[in-house]
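Here are my notes on this model, as numbered points. Please read them with the structure open.

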Amino acid sequence: MKITNSEYRRRRRKLMDLMEPNSIAIIPSARQQLRSRDTEFHFRQDSDFYYLSGFREPESVLVLIPGREHGEYVMFCPERDPQAELWHGQRAGPDGLCSRFGADDAFPIGDIDDILPGLIEGRERVYYSMGRSSRFDQHIMDWVNTIRSKESSGAVPPGEFTDLDHMLHDLRLIKSAAEQRIMRRAGEITAAAHCRVMQFCQPGQYEYELEGELHHEFVRGGARYPAYLSIVGSGRNACTLHYVDNSAKMRDGDLVLVDAGCELESYAADVSRTFPVGGTFSSEQRALYEVVLAGHAAAIAQVRAGNHFNQSHDASVLAITEGLVQLGLLEGEVDALIESQAYRAFYMHKVGHWLGLDVHDVGDYRVGEEWRVLEPGMVMTIEPGIYVAPDNTAVAKKWRGIGIRIEDNVLVTTDGCDILTDAVPRTVDDIEALMVA
């Protein structure tokens, strides 16, 4: 289940078709990062670089030059090195980039200072995402200054720099059929992991034990790494939105909020479920959970082509505010409470975000002053929540310290939407049934 070379080629073609004549685009790879002293983090390729190449090696540079006679797709990468490969595994090398990854031209990364200025020279526009890497920004300026130093000899430096992000990220926003298949599978693996921890969970366990079960199921499904730091927050920890300590002992009577997703072929899943440590919701937990579930259903109903991105959020805010009023956590007219954003004391985040190669994926949420209209192929999360702070003395004590989030991954289709993570139970009855099975 991989993206083919022909799809990578189509992506590059689409981007080059958007570029101005006589221009060049430069996209560096991610760099290997140290974890401690001489040990490294697992390398994860830069998403933009990977989207256009499928190439996973660090210290590489991708260059697109529309209309170049000797090839429009140029790559720089580390050379083959038998001694280094003995320790770290085989490299593609420049020859491999041409034969296996479709590069028209490929050169050793050590030759980039000699070659790239010549590719930039005479181009009217350079497309590059300035500001992401101060180290590579400096390389860009050095190459341009090398050209400027030769102006008296007839060299022509580029006239303009243009941020590449907008064009490239618009392309990434619409997922191809192959991307959708990978994300669907990532959702299935993640769903299995959430079901596993619901069945495994018992009072007296530690939060990190559930984290371990999640990661075990990810790997068992073929996804070696989580897409982000897994959140396992029990009791009052669930009220910390990005709680990742996962170190507390779980108590009977508390809820546990699990927010975790696998990464498969560099594509992310992102799922949240909240369930009782002991297998049964209390009356207060059930009541608040039903309000969040109503917000989830209202938001899902608005995810369809032609609606705008924020309609799902507005629908969730209405449902959750109505529920909070009915339970007595808010007082007043629903419309006025929404207008004053009183609900934000309990529901302080948006209902969702784009999902893809990045967990919080790229793509504008607004076009000009208007919310973006949803199109088939977009993938987003729907994740309403209610978090009653432990120290919120404005509400009755029975509600304090309860945190609930319900999150799914949703694909916009031609006739509505498809919940890619639908295999995880959402209702109170289904969760309790799974936990006692």
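1. Start in the loop between strand 2 (34-36) and strand 3 (39-40), where arginine 37 lies. The model is a predicted one. Most residues other than glycine have a negative phi. Arginine 37 departs from that pattern, with a positive phi of about 45°. Is arginine 37 buried or exposed? Its relative accessibility is 79%, so it counts as exposed.

2. A second positive phi belongs to asparagine 246, with a value near 50°. This residue, too, is not a glycine. Asparagine 246 sits in the loop between strand 10 (231-234) and strand 11 (255-260). Its relative accessible area is 1%. The cut-off for buried is under 20%, so asparagine 246 is buried.

3. Now the overall frame. The protein has 13 helices and 21 strands. Its C-alpha atoms fill a box of roughly 80 × 50 × 40 Å along the principal axes. Of the 437 residues, 53% count as buried. Take the contacts with a separation of 6 or more: 69% of them join residues 24 or more positions apart.

4. One sheet deserves a close look. The sheet is open, has six strands and follows the order 6-5-4-1-7-8. Its pairing is mixed. Which strands stand at the edges? They are strand 6 (105-108) and strand 8 (160-162). Each has a single partner strand, so one side of each is left without a neighbour in the sheet. On average, neighbouring strands are turned by 20° against each other, direction ignored.

5. Within that sheet, check the pairing of strand 1 (residues 23-28) with strand 4 (residues 61-64). Strands of a sheet pair through backbone hydrogen bonds, either parallel or antiparallel. Strand 1 and strand 4 run antiparallel and are joined by four bridges. To place the register, use alanine 25: its bridge partner in strand 4 is leucine 64.

6. A helix also lies on these strands. Helix 4 (residues 93-101) lies across strand 5 (73-77) and strand 6. Its direction is at about 160° to strand 6.

7. Arginine 125 is worth inspecting at the side-chain level. The residue is found in strand 7 (residues 125-127). Its relative accessibility is 18%, so it counts as buried. That value sits under the 20% cut-off. Which side chains does arginine 125 join by polar contacts? One is glutamate 160, at 3.3 Å. Another is threonine 162, at 2.8 Å. Beyond four places away in sequence, arginine 125 touches Glu20, Asn22, Ser23, Ile24, Glu160 and Thr162.

8. Helix 7 (residues 165-173) is next. Seven of its nine residues are buried, so this helix is largely enclosed by the rest of the structure. The buried residues are Asp165, Met167, Leu168, His169, Leu171, Arg172 and Leu173. What covers them? The cover includes helix 1 (5-18), helix 2 (47-53) and strand 7.

9. Turn to helix packing. Two packed helices are described by the angle between their axes and the distance between the axes. Helix 8 (residues 177-200) packs on helix 13 (residues 428-436) at about 65°, with the axes 7 Å apart. The crossing is right-handed. From helix 8, Cys195, Met198 and Gln199 take part, meeting Ile431, Leu434 and Met435 of helix 13. By class, this contact has five nonpolar residues, one polar and no charged.

10. Helix 8 also meets helix 9 (residues 207-220). Their axes come within 8 Å and cross at roughly 145°. This crossing, too, is right-handed. Helix 8 contributes Ile189, Thr190, Ala192, Ala193, His194, Arg196, Val197 and Phe200. Helix 9 contributes Glu209, Leu210, Glu213, Leu214, His216, Glu217, Phe218 and Arg220. How do the residues of the contact divide? Eight are nonpolar, three polar and five charged.

11. To close, set the two loop residues side by side. Arginine 37 has a positive phi and is exposed. Asparagine 246 also has a positive phi, but is buried. For the two helix contacts, compare the charged residues. The contact of helix 8 with helix 13 has none, whereas that of helix 8 with helix 9 has five.

Definitions and conventions. Residues numbered from 1 in each chain as written. Predicted model: local features only at pLDDT ≥ 70, side-chain atom pairs only at ≥ 80, totals over all residues. Heavy atoms only, no water. Helix = DSSP H or I, 4+ residues; strand = E, 2+ residues; numbered from the N terminus. Buried < 20%, exposed > 50% of the residue type's maximum accessible area, 1.4 Å probe, protein only. Polar contact = N/O pair within 3.5 Å; in protein donor to acceptor, adjacent residues only side chain to side chain. Contact = heavy atoms within 4.5 Å. Axes fitted to C-alpha atoms, helices over the stretch in contact; angles between N-to-C directions. Left-handed = near helix turned anticlockwise from the far one by under 90°. Nonpolar A, V, L, I, M, F, W, Y, C, P; charged D, E, K, R; others polar. Pairing = 2+ DSSP bridges.
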